[in-house]
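Reader: I would like a close look at a single part of this model, namely the small set of paired strands, and after that whatever can be said about the surface and the domains. Please state the criteria as you go.

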Amino acid sequence: MNNSIINVVYCTDPNYLEHVGVSITSIILNNKNHNIHFHVFLYDVSEEDKNKLKEISPLINLYSIPTDELDKYSEIQNDKIKHINRSMYIRLSVPRLLPDYVDKFIYLDADILCFSDISSILNIDIDSVVCAVTADSLDVNNMLQNTNRLGLAAEKYFNSGFLYINTQNWKKFDTENKANQILLSPQNYNFIYPDQDALNIVLQKQINFIDVKWNYLFTWMDDQEKESFFHNKQSLPYFVHFTGARKIWYQEHTGIAQNIYCFYKHFTPWSTQSLKSYKNKMRSVDYRIYAKQFLKRGKIIQSIKYYITYLIKLCK
């Protein structure tokens with residue numbers, strides 16, 4: 001198995017390039033005895049930044065995406081997911097753009113860190129499906145809300161931040177074009193998670209659901225679990241997906257998860273760059289969440305300030 005190649009794919013623009021570098025580093029450090037090749041699809045990234053990414057490993061292959069590959073998605077808007085940008089749509093075209101020798105690959109979002117040996121992915125059979133996926137929620141009712149919202153025949157709704165894809169089956173099923181037909185229809189602009197929703201509709205009979213340890217969402221944990229979860233190495237998942245707008249790489253979001261991110265970042269060309277602030281990205285809901293967090297910590301004045309700001313923004 002050590003001689004088998006595991007292909008891992010990312011898609012990014014300049015805003016998430018550093019985080020892709022950190023994610024790749026987390027995989028390398030947890031899989032030193034395995035042959036892992038990385039394929040990074042880039043949109044609007046400078047040569048300087050490309051070279052930084054190449055410094056991490058000679059097994060990183062870079063692919064520049066022409067602007068016309070993404071221009072067609074420019075009209076898709078969603079106020080609920082402003083922290084997600086157009087580069088997420090690149091994943092739809094990856095199987096078409098990859099070299100032919102890549103028959104299977106793991107697609108990962110940039111906000112994912114590796115915590116374990118991932119070689120067992122090679123034991124997962126996807127010969128008869130388009131891809132293997134993981135559930136978007138641990139709550140059955142939450143999943144039913146999404147399946148009902150989209151009118152899915154399946155009982156489960158998957159998160160598209162992790163996909164284990166059979167390249168040829170993806171192309172044979174015409175997945176990219178089918179997803180684009182849905183995405184680019186005017187009546188579907190109000191999807192909550194545009195490409196994820198579209199893929200759930202298109203692939204509902206072409207997927208295998210696998211263990212959520214392949215894509216364990218950080219938002220499944222409460223505040224206490226977010227601190228205790230990472231202490232038991234034996235129970236850690238393969239990947240933790242740091243979903244949501246309040247990312248661990250922002251200064252304000254301190255805790256053990258941020259410490260782990262900074263540990264992996266230390267081994268990248270971005271090691272000396274300070275964490276950026278989240279303040280200029282704050283939405284009204286963030287002020288409400290911060291107010292609740294300060295209240296739990298007994299910081300009443302800060303909690304009141306944030307909640308008042310939340311109410312003011314809500315009324316605008």
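Author: Two strands pair if DSSP finds at least two bridges between them, and strands (E, at least two residues) and helices (H or I, at least four) are DSSP runs numbered from the N terminus. This is a predicted model, in which local features need pLDDT of at least 70 and side-chain atom pairs count only at pLDDT 80 or more, while totals for chains, interfaces and linings use all residues. Residues are numbered from 1 along each chain as its sequence is written, and side-chain values use heavy atoms, with hydrogens and water left out.

The part in question is an open sheet of 3 strands in the order β5-β10-β9, with mixed pairing. Because β5 (112-114) and β9 (216-217) stand at the edges, each with a single partner strand, one side of each has no neighbour in the sheet. Strand β10 (residues 239-241) runs antiparallel to β5 and is joined to it by 3 bridges; Leu 113 stands opposite Val 240 of β10.

As for the domains, whose bounds come from an automatic or database domain assignment, the assignment gives domain 1 (6-217) and domain 2 (282-315), and their centres, taken over C-alpha atoms, are 34 Å apart.

On the surface, Leu 295, Ile 300, Ile 304, Ile 308 and Ile 312 make a nonpolar patch of about 460 Å², to which helix α12 (residues 300-315) gives the largest share, 4 residues. Patch members have over 30% relative accessible area and no salt bridge (a side-chain nitrogen of Lys or Arg within 4 Å of a carboxyl oxygen of Asp or Glu); like charges are joined within 9 Å, and nonpolar side chains (Val, Leu, Ile, Met, Phe, Trp, Tyr) within 5 Å. Accessible areas come from the Shrake-Rupley method with a 1.4 Å probe, and for residues only the protein chains shown count as cover.
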